[in-house]
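Please open the model in your viewer and keep the selection tool at hand, as this tour moves from one selection to the next.

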Amino acid sequence: MNASRPVTADSCPAIAVEGLTHRYGSRTALDQLQLTIERGELFAIVGPNGGGKTTLFRLLSTLIRPQAGDAKILGHSLRTSSAEIRPHIGVVFQAPSVDRKLTVGENIRYQAHLYGLTGVALQSRLAIVLEQFGLTDRQHDFVEKLSGGLRRRVELAKGLVHQPTILLLDEPSTGLDPGARSDLWQILRSLVVNHRVTVVLTTHYLDEAAGADRVAILSQGKLMGVDTPEALCRSVGGDAVLMETPRPDELAATIRRQLSLSATVMDGIVRLEVPDGHTWVSRLVELSPGSIQSIRVGKPTLEDVFIARTGHRFWQVEEQSHG
Ligand SMILES: Nc1ncnc2c1ncn2[C@@H]1O[C@H](COP(=O)(O)OP(=O)(O)OP(=O)(O)O)[C@@H](O)[C@H]1O
């Protein structure tokens, strides 16, 4: 984007992760990860706490060096070329990096200095990002006076002031109310569509990951699936049928025995995936008269994908130990 930078071949992906493995002592945080992120994608890396998202994020943002494997960012190796990579990436960390005692404008200006921007070029970029994030009339306000959503916008403006090709965001929605989360996603989508920035974010909100172009599911350091949200959900097959009953194990066993369907019990709820779920409702209810308190039929969600791929509920995984 910057004329002084070497032009990178447009054909190479934004990010190509090639067998990245990372261990903290005996704990494997990332296990031979393979993943390609194309340019101009809004890409979500989703996973429960401890899944390895932050470790991957720290590797991709050149904060830590790969122990095994590599990743190419716009064709540059993380192992050998982190200095070449840095100008091309903008990073928004999970922990706030804005200085609350400085104004919005000062925060962005200091960040721009770190990337060597000065004078007219700096003023021009400052004006552009302030406008882009609806902060022009707040530029003289102290950050400590802003709402959480506006502060997050200042973080984004800082991350983009040097015009990176790739924006990495670690859990950007954490702590935001639903309105601010929705604003944030609109901004991210606009960056992709109008400015062709590749946006890669981590999240543990499955519902918001469904708004990305593609989703990678990371659990216990392993990639459990990567595709568009629609394709991932289709891969579960049919509809998800969920039943509440006082004796879930008994009902699941009856369904397996009498209907030859693979019913499972998770968190006390009997669940199964079948094509045309609505056609099964009366048969299921008649199977065990009076025992089903409620029955729900719905299209599979990313949570269903997670269950199908890992055998666990999303929020259970963090309680399990890692190998
Ligand atoms: N500095 C560290 N020392 C030891 N173990 C660590 C360290 N950082 C992470 N881990 C472990 O590595 C695994 C992956 O952690 P990581 O923070 O990458 O996951 P995450 O998906 O980002 O989780 P969260 O959503 O909670 O931030 C976890 O088991 C975690 O306990």
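Begin by selecting helix 1, which contributes more residues to the shell around the ligand than any other element, namely three. Keep in mind throughout that what you see is a predicted model.

Now extend the selection to the whole shell, which holds 13 residues, and look for Tyr24, Asn49, Lys53, Thr54 and Thr55, the ones that come nearest to the ligand. Two elements each supply two or more residues to this shell: strand 2 (27-37) and helix 1 (53-60). If you colour the shell by residue type, you should find nine polar residues, two charged ones and two nonpolar ones.

Next, leave the ligand and turn to the largest nonpolar core, a set of 66 residues in which Ile15, Ile73, Ala157, Leu168, Val200 and Val215 have the most contacts. When you highlight strand 3 (residues 42-46), you are looking at the element that gives the most to this core, with five residues.

Stay in this core and select isoleucine 15, which, leaving aside residues up to four places away in sequence, touches Ile37, Leu60, Ala71, Ile73, Ile166 and Val200. Another core lies apart from the largest one, and you can find it by selecting some of its 11 residues, including Ala240, Val241, Leu251 and Ala263.

Finally, select residues 15-245, the range that an unreviewed UniProt entry lists as "domain: ABC transporter". Over this range the chain is 35% helix and 29% strand, and the C-alpha atoms at its two ends are 47 Å apart.

Notes: Residues numbered from 1 in each chain as written. Predicted model: local features only at pLDDT ≥ 70, side-chain atom pairs only at ≥ 80, totals over all residues. Core = buried A, V, L, I, M, F, W, Y, C linked by C-beta atoms within 7 Å. Buried ≥ 20, exposed ≤ 12 C-beta atoms within 10 Å, placed from the backbone. Helix = DSSP H or I, 4+ residues; strand = E, 2+ residues; numbered from the N terminus. Contact = placed C-beta atoms within 7 Å. UniProt positions renumbered as here; feature names shortened; annotations may be inferred. Near = placed C-beta within 6 Å. Nonpolar A, V, L, I, M, F, W, Y, C, P; charged D, E, K, R; others polar.
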